[in-house]
Amino acid sequence: MALFWVAQSQVWNVYNLWVRDHVELGIFGWSMPVPWLQALDALAPAILVPPILALWRWQARRGAEPSDIGKMAIGCALFALGTVWLAAASWVFGDAGRVPLLWAVAFHFLSNAGWVFFVPIAVALYACAAPAKVNAMMLGINSMSVFVGSTISGRIGGFYETLTPASFWLLHAAIVGSGALIFLALDRPLR
């Protein structure tokens with residue numbers, strides 16, 4: 001789970017520097033403040049939850065709904081695609097070019113689709129699978145993955161100064177993508 005949070009935590013860390021350096025924030029002569037993109041991380045899940053729940057209901061009616069661990073693997077894979085999307089900005093617009101604001105908006109919706117597949121499922125797993133006597137403690141253990149991932153993310157954030165933007169984001173895609181592979185490997189045994 002910490003592998004997911006390594007990439008997710010960069011949205012609260014180096015991503016702001018990347019936006020400052022690479023996103024065109026001008027809108028009709030007005031410059032949007034960098035942190036305003038952070039607001040999309042609160043708005044996007046609220047917009048994405050209803051269609052994703054509808055997808056899961058539709059899959060369940062057909063007997064094809066992924067398991068909880070499968071959903072977490074999908075969440076990691078979607079977040080990996082989001083960081084590949086950030087890397088692709090360098091390939092499309094160049095390392096010195098400015099990315100359209102909609103490119104960053106698309107990242108937030110893609111990465112938050114991954115968040116919706118991952119975070120609520122992880123919390124529900126800990127809350128439902130833990131014995132009642134240790135339920136609250138297990139939810140705290142779940143939060144430890146955020147701590148571990150954020151701590152690693154902070155250390156990796158230093159690479160932003162030495163790597164190209166594409167390499168930096170591909171590193172994060174590899175990390176969270178590894179989480180997807182681990183969850184896929186664990187899916188059947190944990191059922």
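Visitor: What percentage of the 191 residues in the protein is buried?
Guide: Buried residues account for 45% of the 191. Keep in mind that this is a predicted model.

Visitor: OK. How many helices and strands are there?
Guide: The protein has seven helices and two strands. In sequence order the pattern runs α-α-β-β-α-α-α-α-α.

Visitor: And why call it as compact as a globular protein of that length?
Guide: The radius of gyration is 17 Å and the globule rule gives 16 Å for 191 residues; the two are close, so the protein is as compact as a globular protein of that length. As for extents, the C-alpha trace spans about 55 × 35 × 25 Å along its principal axes.

Visitor: What share of the contacts joins residues at least 24 apart?
Guide: Counting contacts between residues at least 6 apart in sequence, 78% join residues at least 24 apart.

Visitor: Let's go to the start of the chain. Is α1 mostly covered or mostly uncovered?
Guide: Mostly covered. Helix α1 takes in residues 2-10, and seven of its nine residues are buried. The buried ones are Phe4, Trp5, Val6, Ala7, Gln8, Ser9 and Gln10.

Visitor: What covers them?
Guide: The cover over the buried residues of α1 includes α2 (14-22), α3 (40-61), α4 (68-93), α5 (101-129), α6 (135-157) and α7 (165-190).

Visitor: Which residues have the most contacts inside the largest nonpolar core?
Guide: Tyr15, Trp18 and Leu37, in a core of 48 residues. At least two residues of this core come from each of α1, α2, α3, α4, α5 and α7.

Visitor: Pick Leu37. What does it touch?
Guide: Leaving out residues up to four places away in sequence, Leu37 touches Tyr15, Val19, Leu25, Met32, Leu101, Ala104, Val105 and His108. Tyr15, as said, is another of the residues with the most contacts inside the core.

Visitor: Now His22. Where does it lie?
Guide: In helix α2.

Visitor: Why does His22 count as buried?
Guide: Because its relative accessibility is 10%, and buried means under 20%.

Visitor: Which residues does His22 touch?
Guide: Asp95, Gly97, Arg98, Val99, Tyr160 and Pro165, again not counting residues up to four places away in sequence.

Visitor: Last topic, the outside. What is the accessible surface, and how much belongs to carbon and sulfur?
Guide: The accessible surface is about 9700 Å², and 71% of that belongs to carbon and sulfur atoms.

Visitor: And the charges: how many Å apart are the mean positions?
Guide: There are 10 positive and 8 negative charges, and their mean positions are 13 Å apart.

Notes
Residues are numbered from 1 along each chain as its sequence is written. This is a predicted model: local features need pLDDT of at least 70, side-chain atom pairs count only at pLDDT 80 or more; totals for chains, interfaces and linings use all residues. Side-chain values use heavy atoms; hydrogens and water are left out. Helices (H or I, at least four residues) and strands (E, at least two) are DSSP runs, numbered from the N terminus. The radius of gyration is taken over C-alpha atoms; the globule rule is 2.2 Å times the number of residues to the power 0.38. Buried means under 20% relative accessible area, exposed over 50%, partly exposed in between (1.4 Å probe, protein chains only). Contact means heavy atoms within 4.5 Å. Accessible areas come from the Shrake-Rupley method with a 1.4 Å probe; for residues, only the protein chains shown count as cover. Lys and Arg count as positive and Asp and Glu as negative; His and the chain ends are not counted. The place of a charge is taken as NZ of Lys, CZ of Arg, CG of Asp or CD of Glu. A nonpolar core is a set of buried Ala, Val, Leu, Ile, Met, Phe, Trp, Tyr and Cys residues joined through side-chain atoms within 4.5 Å.
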